[in-house]
Amino acid sequence: MSLTDTYPVWSWNPVADLRAMWAFPFMVNAFRAGTVVAVLAGVIGWYMVLRRQSFAGHTLAQVSFPGAACATLLGITPVVGYFAFCVGAALVIAAIPRAGQGGSGQEAALTGTVQAFGLACGFLFVALYKGFLGGINSLLFGSFLGITTTQVAVLAAVAVATLAMLALIARPLLFASVDPDVAASRGVPVRVLSVAFLVLLGTATAATSQITGTLMVFALLVMPAATAQQVTARPATGLAVSVLVGLAVTWTGLIAAYYSPYPIGFFVTTFALGVYVFARLARVLAQVLARRAPASARLSGGAG
């Protein structure tokens, strides 16, 4: 008997399949947690892509791995390691000001250093751990199994607090992200906003890692936001599109993972990539058609 024979089979009756899937409390909790994570990552990720700090987000995602490994080594819940290491790494990256000549380059260099050191620490913690390492796949690639109601409540509380803090600084942060020099000249505390955003990004990364795993968290932070920016340049509409794409790929990823033996991170990443490619191709096609329309009009006018 193959491994796939032990998993449920999709019957092509969506209503019956969803009812059967949601009959299990762990799947209900998985959808609740996935929904919270998708909303949080969609909003934070939109600002991250706008600020061109995807490399920082990628590094914080990688740092969540040594955080979870360290917590496992110490015998405490991995969630503590997720948040401690992600927020700590965000504060380290924030030590380099982004504004001014060479600021972005210095931040990228420090970010790469943090990523390399964090991964090295993760491998060290795994080597020092003498117990069963079967859970390492869940840390790296994510798992929807074993999500408790308490974890969902904690995750929701963290998401509400993070989004509330972001809402307080949303307008000046948008100004500082689009044109930091002009924002600074207008009295906007660009430096403080940069540090605050990195801390919020670290918090969101730690929360997202619990669902997608440390290697796939980047999918929910970057791809929905990148897709939204292919669709529209309006901030409110872009945020909405980012959240909707995140919800769609998370829900479909959970369903696909339930009916297969493969990790949820793979499905979430694949679906998110597919949506991004589609949005990118649609934008390129729209630009080509827009350029051809005036040319056609001039030709028809000349012929007339």
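This report describes the helices, the helix contacts and the nonpolar cores of one protein.

The model is predicted. The protein consists of 304 residues, of which 44% are buried. It has 12 helices and zero strands, so that every element in the run from the N terminus is an α element. Among contacts between residues at least 6 apart in sequence, 76% join residues at least 24 apart.

**Two helix pairs**

Two pairs of packed helices are set out below.

| Helix pair | Angle between axes | Distance between axes | Crossing |
|---|---|---|---|
| α3 and α4 | about 135 degrees | 7 Å | right-handed |
| α10 and α11 | about 130 degrees | 8 Å | right-handed |

Helix α3 covers residues 54–74, and helix α4 covers residues 78–93. An angle from 115 to 145 degrees counts as oblique; α3 and α4 are therefore oblique to each other. On the side of α3, the contact includes Thr 59, Leu 60, Val 63, Pro 66 and Cys 70. On the side of α4, the residues in contact include Pro 78, Tyr 82, Phe 85, Cys 86 and Ile 93. By class, the residues of this contact are 13 nonpolar, five polar and no charged.

Helices α10 and α11 pack at an angle of about 130 degrees, which makes α10 oblique to α11. Helix α10 contributes Leu 220, Pro 224, Ala 225, Thr 227, Ala 228 and Val 231 to the contact. From α11 come Gly 238, Val 241, Ser 242, Val 245, Gly 246, Val 249 and Thr 250. The contact of α10 with α11 comprises eight nonpolar, five polar and no charged residues.

**The nonpolar cores**

The largest nonpolar core holds 73 residues. Which of its members touch the most others? They are Ile 44, Leu 166 and Leu 201. The helices that each supply at least two residues of this core are α2, α3, α4, α7, α9, α10, α11 and α12. The largest share, 16 residues, comes from α2, the helix that spans residues 25–50.

Leaving aside neighbours within four places in sequence, Ile 44 is in contact with Thr 162, Leu 166, Phe 197, Leu 200, Leu 201 and Ala 204. Leu 166 and Leu 201 thus appear among the contacts of Ile 44.

A second, separate core has six residues, including Phe 65, Cys 70, Cys 121 and Val 126. One of these, Cys 70, also belongs to the contact of α3 with α4.

Methods:
Residues are numbered from 1 along each chain as its sequence is written. This is a predicted model: local features need pLDDT of at least 70, side-chain atom pairs count only at pLDDT 80 or more; totals for chains, interfaces and linings use all residues. Side-chain values use heavy atoms; hydrogens and water are left out. Axes are lines fitted to C-alpha atoms, for helices over the stretch in contact, and angles run from 0 to 180 degrees between N-to-C directions. Helices (H or I, at least four residues) and strands (E, at least two) are DSSP runs, numbered from the N terminus. Angles under 35 degrees count as roughly parallel, over 145 as roughly antiparallel, 65 to 115 as roughly perpendicular and the rest as oblique. A crossing is left-handed if the near helix is turned anticlockwise from the far one by less than a right angle, and right-handed if clockwise. Contact means heavy atoms within 4.5 Å. Ala, Val, Leu, Ile, Met, Phe, Trp, Tyr, Cys and Pro count as nonpolar, Asp, Glu, Lys and Arg as charged, and the others, Gly among them, as polar. A nonpolar core is a set of buried Ala, Val, Leu, Ile, Met, Phe, Trp, Tyr and Cys residues joined through side-chain atoms within 4.5 Å. Buried means under 20% relative accessible area, exposed over 50%, partly exposed in between (1.4 Å probe, protein chains only).
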